[in-house]
Amino acid sequence: MIARLAAAGCVAAAEEAVELAAASPDLTTLDSWLSRREQGEPVAWITGRTTFGGRRLHIAPGLYVPRLQSEELARRAATHLPDHGRALDLCTGAGAVAAYLGASVPTATVIAVDRDVRAAICARRNGVASLVADLDAPIAAIRPFDVVTAVPPYVPTSAMQFLPRDVQAYEPPIALDGGPDGLVLVRRVIDAAGRLLRPGGWLLVEVGGDQDRSVASHLTTVGFENLTTWSDDDGDLRGFAAQLRP
């Protein structure tokens, strides 16, 4: 199994082999799953599940698969969410970050939003209260929130061609392509958070490259301060947090 997956270009062949074998009900199914993975189909679509923050999540075929790198955003967001507080997860996808927040602060109210109906349905299967909408339009009446999170599309359109082959072939561009500079939706998320957060509330957004510097002035204009960032073990930017001025 490992040899087949490695020959197909899977960089985590051993881990994927274990995951496929553990989820497969029989050898015939396993062989079929291996063939699908060799063609580049995401493992989570094949098995219908993935793990995020130690929690098992349902993943519907066609949806963006939550990444390990997003767990740090979820962990940081949970530290800003008080007991009986309120959190909003924009661009929720399968609801991974929202589900993590709900499990970490059980007394909090966590709401998720995505413009993809399939994503909202999947998030509900993962125990998340989710709405189908374009960012904050339907929830303005129930603000304010203590925390707003988002893993929006932030890959510049010109860089889409450099994504892994299987990502380009299978994963939805709407969840990846962030426009000319990768920040089209990120800026809208910042604007929405400025309207939705209570004074002193926190916004946490996943970005990459040097995009934190590109949005710094926009954050200040909207009313945010205390901008902080975090990086992965390779030193690559993975996100920023900012606080709405009291």
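I count two strands as paired if DSSP finds at least two bridges between them. With that in hand I opened the model, which is a predicted one.

**Entry 1: strands 7 and 9.** I looked up the pairing of strand 7 (residues 197-205) with strand 9 (residues 237-244). I found 4 bridges joining them, and the two run antiparallel. I then picked L203 and followed its bridge into strand 9, where the partner is A242.

**Entry 2: the whole sheet.** I traced the strand order next. The sheet is open and has 7 strands, in the order 5-4-3-6-7-9-8, with mixed pairing. Strand 5 and strand 8 (224-231) are the edges, each pairing on one side only. I noted the turn between neighbouring strands of this sheet: 20° on average, direction ignored.

**Entry 3: helices across the sheet.** Which strands does helix 6 (residues 96-104) lie across? I listed strand 3 (86-90), strand 4 (109-114) and strand 6 (145-150). Helix 6 runs at about 175° to strand 4. I did the lookup again for helix 10 (residues 211-222), which lies across strand 7, strand 8 and strand 9. Its angle to strand 8 is about 160°.

**Entry 4: A241.** I went back to strand 9 for A241. Is A241 buried or exposed? Its relative accessibility is 4%, so I put it down as buried, the cut-off being under 20%. I listed what A241 touches, leaving out residues up to four places away in sequence. W202, L203 and L204 are among the contacts. N226, L227, T228 and W230 are there too. I also checked A241 against R49, 192 residues apart along the chain. Their C-alpha atoms are separated by 29 Å.

**Entry 5: positive phi.** I stopped at two residues other than glycine. H84 has a positive phi of about 65°. H84 sits in the loop between helix 5 (71-80) and strand 3. L135 has a phi near 60°, also a positive value. I placed L135 in the loop between strand 5 and strand 6. I then compared their cover. H84 has 64% relative accessibility, so it counts as exposed, whereas L135 is buried because its relative accessible area is 5%.

**Entry 6: a surface patch.** Which residues form the nonpolar patch on the surface? I noted V117, I121 and V132, with about 240 Å² of accessible area together. V132 belongs to strand 5 (residues 129-132), and that strand is an edge of the sheet. With a relative accessible area of 41%, V132 is partly exposed.

Notes
Residues are numbered from 1 along each chain as its sequence is written. This is a predicted model: local features need pLDDT of at least 70, side-chain atom pairs count only at pLDDT 80 or more; totals for chains, interfaces and linings use all residues. Side-chain values use heavy atoms; hydrogens and water are left out. Patches are made of residues with over 30% relative accessible area and no salt bridge: like charges are joined within 9 Å, nonpolar side chains (Val, Leu, Ile, Met, Phe, Trp, Tyr) within 5 Å. Accessible areas come from the Shrake-Rupley method with a 1.4 Å probe; for residues, only the protein chains shown count as cover. A salt bridge is a side-chain nitrogen of Lys or Arg within 4 Å of a carboxyl oxygen of Asp or Glu. Buried means under 20% relative accessible area, exposed over 50%, partly exposed in between (1.4 Å probe, protein chains only). Axes are lines fitted to C-alpha atoms, for helices over the stretch in contact, and angles run from 0 to 180 degrees between N-to-C directions. Contact means heavy atoms within 4.5 Å.
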